[in-house]
Amino acid sequence: MENKDEKKEVRLLSDGFQSFEEIRNGHRVYVDKTDMVWKIANTKKYNFLSRPRRFGKSLLTSTLKCYFEGRTDLFQGLKIMEKEKDWVKRAVFQFDFSGCETAESLENYLRDTVSEYEKIYGASDYTNTHDRFKALMRNAFEKTGQQVAVLVDEYDSPLQHTLTEEEEHKKLVKVYRSFFPVMKSGSDWLKCLFITGITKFTQLSLCSMLNTMSILSTNPDYATVCGITEQEIIDNYMPEIEALGEKNGWTVEQTLQELRNMYDGYCFSSDLTKSVYNPFSLISALADKNLGYYWTSSGASAMLNDILKQSDEDGEDLEGRVMDQDDIDSSDVSLESPTLFLYQIGYLTIKDYSPGVYILGIPNNEVRRALFKIVLPNAVRKRRSVVDNEVVRMRLALNKHDIADMMEHLKLIILQTPYPNQKGEHIYEERFQFFVKGAMLLCGCYVLGEHHIATGRPDLVARYGNTTMVFELKLDNNGGLEAAKRQLADRNYTAAYLQKGSDVYAIAVSFSTDDSIRGISGYDIKKVSE
């Protein structure tokens, strides 16, 4: 008879691991991407893939390294075994530029790395690094009888560090233009070049130097090569999903919905069916049994503040941005035109596609909260410390189920906000709705704007734990508080959100554009749940 007190098997997840070898030898859960690994390795000679930080590029590079080294022991039971019948061991030259911040540090890193490989495959009489590396490729080819693989991870990290330092940036470009052409002139000895990064700097002319470069970044065949699909979550992480749900009192479907809201929504091609979850946040949440803000607290937002400030963005119109399809792969990143940058670093993603045009938007609540952390203080023209303090007090009030106190702190955030650039009843209402949405997100709510239900579309729905707040917002000169209360009652918006064990509040809010207020002029709170 089974012992009910027997502990469940502890499964090891791959959170924090970027080495394919360590994951496989450590018997950690691995989401099998090796069919796409094989395709990358055997389809084109020159390959480039851009993905946001912490999206699994280093793990993908590590997997390619193990494949090229012929490590069949690590691939047993994986998809690649059905494709590869003739395993070949090759010399692999791997570079990781993430630790380099200047032209000098990159030059030193390249020189030292080439020196280490020369100890294995033999040195040449050349003194400059690019000629030494070309000779190294030839030596390795002659020694092994096989073409070599070159893997360059986070190639753009030094360029990002110097994006606002013009002279240092120019020095770096010279280093790149000296090193990368070797891959073309030494192509007879090269099996595969694989380059990863976050942003694409076309002024490096990598594509002209390597004119057969295959851009994998928006290729539908590789849309899910980094990141985790929902089916992969279900197939690989069901014990962890059940444990997270058990801790929070959720069913499996509720748990999946919570994970979906927080971490899903990334799409990297015109095939909108191929969306993925942020792998770093997802696996961290499953390991910790907690829906935390992992990606945005890991340094992924380091550039965000500078981008928004230098481009004078307040974030209000980030949803629905459009970009020409060709610009995603061929245009240079620029702080003066931040949409492409925000897409490439992971704060915007492809939400829709029309022939030749991508429609971009914010992928999920984790990213939305990170954006509002910077955007809201800028938009209401208050110091970040002031907004942060009031947001924390809102959260304390929500923890005590004191909705009236929460509203008082919300009033202080919005009080005396600046006028929008455009004026008009609709513009004002949208802007105030934007402020409320941002504040509710920052205090930890899951927020829906203009959520379609059977009786209409409430302006805002915010859920905090077992508390759901349904907002209707009106300007004083558009009926004000009484009109908002009436609409909540007439359309019975709250009925759609009633469920056992939850508290539901109907909150009518009025706003004034009068110079003495320019914020919330009144509110009414009605608890409609038993």
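**Exposure, ring pairs and strands**

Student: Is Asp-125 buried or exposed?
Tutor: Asp-125 lies in the loop between α4 (103-121) and α5 (129-144), helices being DSSP H or I runs of at least four residues and strands E runs of at least two, numbered from the N terminus. Its relative accessibility is 80%, where under 20% is buried, over 50% exposed and the rest partly exposed (1.4 Å probe, protein chains only), so Asp-125 counts as exposed.

This is a predicted model, in which local features need pLDDT of at least 70, side-chain atom pairs pLDDT 80 or more, and totals for chains, interfaces and linings use all residues. Residues are numbered from 1 along each chain as its sequence is written, and side-chain values use heavy atoms, without hydrogens and water.

Student: What separates the C-alpha atoms of Asp-125 and Ala-135?
Tutor: Along the chain, Asp-125 and Ala-135 are 10 residues apart. In space, the separation of their C-alpha atoms is 9.2 Å.

Student: How are the rings of Phe-97 and Tyr-176 arranged?
Tutor: Of the 28 aromatic pairs found in the whole structure, this one has ring centres 5.9 Å apart (Phe, Tyr and six-membered Trp rings pair within 6.5 Å). It links Phe-97, in the loop between β2 and α4, with Tyr-176 in helix α7 (residues 166-179), 79 residues apart. Because the planes meet at 75° (under 30 degrees is stacked, over 60 edge-to-face, the rest tilted), the pair is edge-to-face.

Student: How many residues apart in sequence are the parts that Phe-97 and Phe-180 tie together?
Tutor: The rings of Phe-97 and Phe-180 have centres 6.5 Å apart and planes at 65°, so this pair is edge-to-face, and both residues are buried. Phe-97 lies in the loop between β2 and α4 and Phe-180 in the loop between α7 and α8 (182-185), so the tied parts are apart in sequence by 83 residues.

Student: Which are the edge strands of the open sheet of 5 strands?
Tutor: The order is β2-β3-β4-β1-β5, with parallel pairing, which takes at least two DSSP bridges between two strands. Within this order, β1 (residues 46-50) pairs with β4 (residues 190-197) over 5 bridges. The strands that pair on one side only are β2 (92-96) and β5 (214-215).

Student: Which residue takes a positive phi in the hairpin of β14 and β15?
Tutor: Strands β14 (residues 503-512) and β15 (residues 519-527) are antiparallel over 8 bridges, with Ala-506 opposite Lys-526 in β15. The hairpin has 6 residues between the strands, and the positive phi, near 40°, belongs to Arg-518.
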